Amino acid sequence: MRVNRILLSSALVVVALVVQVSVLARLHLPGAVPDLMLLTVLGLALVYGHVGGALIGFGAGLLADLAPPADHAAGRYALVLCLIGYLAGLVKPETGQLKSATGPMVVVVAAALGSTLLYAGVGALVGDTAARHVGLGSLLFTAALYDLLLAPFVVPGVMALARRAENDPLAEAGSAAKATDISSGWLSGGTGLNIGSQRNKLRVKAARARMARAGRIKGVKRL
């Protein structure tokens, strides 16, 4: 990953984690907690693609696993966000621009449901049965609802920052094309091609001069 991607992703993940722990987790909403970390990873994955999404998701999840007051095994949320970031990056728009908000909203709902199921599934494998006591159906519904309501305020902003920090490929292509035009103009304007044509002209003039000289010599001999 590029340095600007790493710096921006790290800053956004840290801010999301602080807000998640200090604000959203203390709202005591029924069911699940709005997952700002998930939405941040989704926004970055939709710009950076599946590889960047997987790396960012793993780093963000591992940071959330280690940050207090985490009460689960380290690496559990890292695995969930790594998979979610990879899958979200697969639906990255080819042009980098979203034509409508329908696609990202579908991705948010699918990611909220998928992350909740994956987190509960991994917890069941390690003996964590908290999801059963709370109710998996209630967790799925509230997670999708909260993340869907929060997504319009988070995902577009994260994507806009990621695009701004990213080097514009169109500008790079334009500068490369401009450089090609300049180089071709430079060659045809004063050096390579003109030099070659001038040499050809000099050769033709020299040949004509030799022919004219030979003709004069023959005329002198005849006289």
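**Helix H2 and an aromatic pair**

User: How many of the 31 residues of H2 are buried?
Analyst: Helices here are DSSP runs of H or I with at least four residues, numbered from the N terminus. Buried means under 20% relative accessible area, exposed over 50% and partly exposed in between (1.4 Å probe, protein chains only). H2 is largely enclosed by the rest of the structure, because its count of buried residues is 23.

User: What kind of model is this?
Analyst: Residues count from 1 along each chain as its sequence is written, and side-chain values use heavy atoms, leaving out hydrogens and water. Local features need pLDDT of at least 70 and side-chain atom pairs 80 or more, while totals for chains, interfaces and linings use all residues, as this model is predicted.

User: Where does H2 bend?
Analyst: H2 covers residues 36-66, yet its end C-alpha atoms are only 17 Å apart, short of the 45 Å of a straight helix (1.5 Å times one less than the number of residues). A bend is the angle between axes fitted to the seven residues ending at a residue and the seven starting there. H2 turns by about 145 degrees at Gly-49.

User: Which arrangement do the rings of Tyr-77 and Tyr-119 have?
Analyst: Rings of Phe, Tyr and Trp (its six-membered ring) pair with centres within 6.5 Å; planes under 30 degrees apart are stacked, over 60 edge-to-face, the rest tilted. Tyr-77 in helix H3 and Tyr-119 in helix H4 are 42 residues apart. Their ring centres lie 6.0 Å apart with planes at 85 degrees, so the pair is edge-to-face.

Terms used:
Helices (H or I, at least four residues) and strands (E, at least two) are DSSP runs, numbered from the N terminus.
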